[in-house]
Amino acid sequence: ALLQSGFDFPQRRITVNLAPADLPKGSGSFDLPIAIGILAAQARLAPATLADIELIGELSLTGELKPVQGALLLTLAVRREAPGRALVLPRASATEAAAAGHAPLLSANSLAEVWAHLLGTAPLPSATHAAAPARAPGQRAQAEGSAALDLSEVRGQAGARRALEIAAAGGHALLFIGPPGTGKSMLARRLPGILPPMSDAEALDAAALHALALPGWHAGLWGQRPFRAPHHSASAVALIGGGSPPRPGEVSLAHAGILFLDELGEFRREALEVLREPLETRRASLSRAARAADYPAAFQLVAAMNPCPCGWLGHPALPCRCSPDEVRRYRQRLSGPLLDRIDLTVPMEASLPVVPAAAPVALSSDTPGPGALSTGSTGSAAPESSAVVRARVHSARNTALSRQGCANAELSDAATERYCSLTNDSRALLEKAMQVHHLSARAVPRLLRVARSCADLEGAASIATPHLSEAIRWRLPLASAVPTPFEPLPS
């Protein structure tokens with residue numbers, strides 16, 4: 001690269017020290033600083049010229065600069081460790097790096113351009129204003145493809161639509177259970193369209209995590225909430241992360257977004273069990289023999305499953321072909337501790353399928369009010385669009401942020417006791433539910449957070465009896481829809 005750029009390569013021994021030695025160097029981003037260091041060592045450049053500059057870039061044999069993986073992370077490190085130093089990197093990586101907000105940020109196409117800049121003959125252009133696609137102030141891009149997925153296409157399943165709205169308002173974990181074709185995946189894939197926009201901090205965190213993974217991150221994804229839907233054959237390492245060096249898994253790549261697990265009952269149990277800790281701590285901690293890593297994993301879990309292997313258990317017309325042992329083995333893949341971390345469980349109504357709005361079938365789509373758990377009604381109103389539901393969700397989320405600084409699902413136990421205040425009637429209802437349904441110590445705070453989201457959607461200052469009643473009813477299907485191995489199966 002030096003010879004092709006018109007420089008002489010010194011005919012002497014050259015020692016390059018990449019210290020510290022125990023830190024793995026698995027990138028070509030050191031090519032550019034090594035080349036500039038060789039030129040500077042030949043007394044071609046005053047050492048003071050390099051005092052306030054950082055160089056990142058991979059060199060081709062012709063001296064051109066090639067893009068580097070993790071440019072955003074490298075830029076964030078420079079911003080943290082050396083905020084006043086200029087950063088020079090390949091022009092192909094400048095758009096990604098500019099999302100970090102570091103200045104000055106300079107881009108170059110070749111080694112010769114970098115050298116001309118250092119000599120002061122041809123300054124490099126700034127890449128500061130290439131951080132994100134153009135958008136109106138305060139506007140955020142929707143998740144990829146969500147613009148074409150609208151709730152107005154969903155007919156029927158009013159109860160499931162209500163649960164989806166509550167989950168979006170509070171960031172709660174959600175599980176759809178029902179026979180095939182009842183709209184479980186259809187509803188889940190429309191969740192990004194009703195979520196509030198990402199903050200700049202969330203967008204930067206999500207971009208940094210994707211920059212660590214393959215194939216990386218590009219600026220077109222800025223501000224889009226991640227929607228990760230791994231296949232049910234995914235391993236535990238694919239979900240939680242790992243490898244050498246460790247890389248984030250699906251739980252971290254879904255940070256600030258949605259992790260959708262379709263066909264939940266088909267996942268291997270050991271893979272599902274790795275979700276338990278991230279659902280509580282909102283982080284993924286990896287410990288390996290050579291290295292440990294800790295990644296953010298504040299994702300919203302949305303899952304869908306059939307009631308049995310054949311899918312027709314409980315269907316009013318189609319008979320189930322599974323034996324009781326097959327159903328037990330199928331449901332035993334979901335452990336009690338994992339189910340206890342799911343806030344809303346939605347039984348899908350088999351007699352009211354969800355069909356596209358263009359189909360010649362007129363089904364009701366009225367949204368039930370607080371306390372309702374029905375999956376259909378006899379009204380004839382047109383289904384609400386994602387924009388209408390998103391406005392309510394955004395208002396409820398802003399209420400939570402102004403009150404406690406986070407979504408309801410992110411409240412700690414102490415914060416839950418402080419912000420989820422109950423009336424006397426609702427407190428009596430909670431005590432009765434704890435005794436009758438044997439709610440665990442983890443279930444009660446989660447129940448209150450869901451009730452708080454119901455109250456926020458209604459604009460209520462405190463949790464009233466209808467809000468708590470609805471939260472209880474959304475949690476109770478756990479016992480009937482997915483019984484433990486010791487419970488009798490439905491006839």
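In which sense do strand 1 and strand 4 pair, and over how many bridges? Strand 1 and strand 4 (residues 86-90) pair in the parallel sense, over 3 bridges.

The views below show a predicted model, in which local features need pLDDT of at least 70 and side-chain atom pairs count only at pLDDT 80 or more, while totals for chains, interfaces and linings use all residues. Residues are numbered from 1 along each chain as its sequence is written, and side-chain values use heavy atoms, with hydrogens and water left out.

**View 1. An open sheet of 3 strands with parallel pairing.** The strands of this sheet follow the order 1-4-5, and its edge strands are strand 1 (53-55) and strand 5 (105-108), each of which pairs on one side only. On average, neighbouring strands here are turned by 25° against each other, with direction ignored; the angles are taken between N-to-C directions, run from 0 to 180 degrees, and use axes that are lines fitted to C-alpha atoms. Leu-55 has Val-88 as its bridge partner in strand 4. Two strands are said to pair if DSSP finds at least two bridges between them, and helices (H or I, at least four residues) and strands (E, at least two) are DSSP runs numbered from the N terminus.

**View 2. Ser-29 and Val-16, both in the segment before helix 1 (31-44).** Ser-29 counts as buried because its relative accessibility is 9%, whereas Val-16, at 44%, counts as partly exposed; buried means under 20% relative accessible area, exposed means over 50%, and partly exposed lies in between (1.4 Å probe, protein chains only). Leaving aside neighbours within four places in sequence, Ser-29 is in contact with Leu-55, Ile-56, Gly-57, Glu-58 and Val-68, where contact means heavy atoms within 4.5 Å.

**View 3. Thr-416 in helix 15 (residues 413-419).** With a relative accessibility of 2%, Thr-416 counts as buried. Residues up to four places away in sequence are not counted when we say that Thr-416 touches Leu-411, Pro-445, Leu-448 and Arg-449. Although Thr-416 and Pro-445 are 29 residues apart along the chain, their C-alpha atoms are separated by 6.5 Å.

**View 4. A salt bridge between Arg-449 and Asp-413.** Side chains of opposite charge can pair when their charged atoms come close. The closest N and O atoms of Arg-449 and Asp-413 are 2.8 Å apart, and a salt bridge is defined as a side-chain nitrogen of Lys or Arg within 4 Å of a carboxyl oxygen of Asp or Glu. Arg-449 lies in helix 17 (residues 443-458) and Asp-413 in helix 15, so this pair ties together parts that are 36 residues apart in sequence. Arg-449 is buried, with a relative accessible area of 8%, but Asp-413 is exposed, with 52%.

**View 5. A salt bridge between Glu-410 and Arg-282.** Here the closest N and O atoms are 3.7 Å apart, and the pair links distant parts of the chain, 128 residues apart. Glu-410 is in the loop between helix 14 (386-404) and helix 15, while Arg-282 is in the loop between helix 11 (276-281) and strand 11 (283-287). Glu-410 is partly exposed, at 38%, and Arg-282 is partly exposed, at 22%.

**View 6. A salt bridge within helix 17, between Asp-456 and Arg-452.** These two residues are 4 residues apart, about one turn of the helix, and their closest N and O atoms are 3.1 Å apart. Both Asp-456 and Arg-452 are buried.
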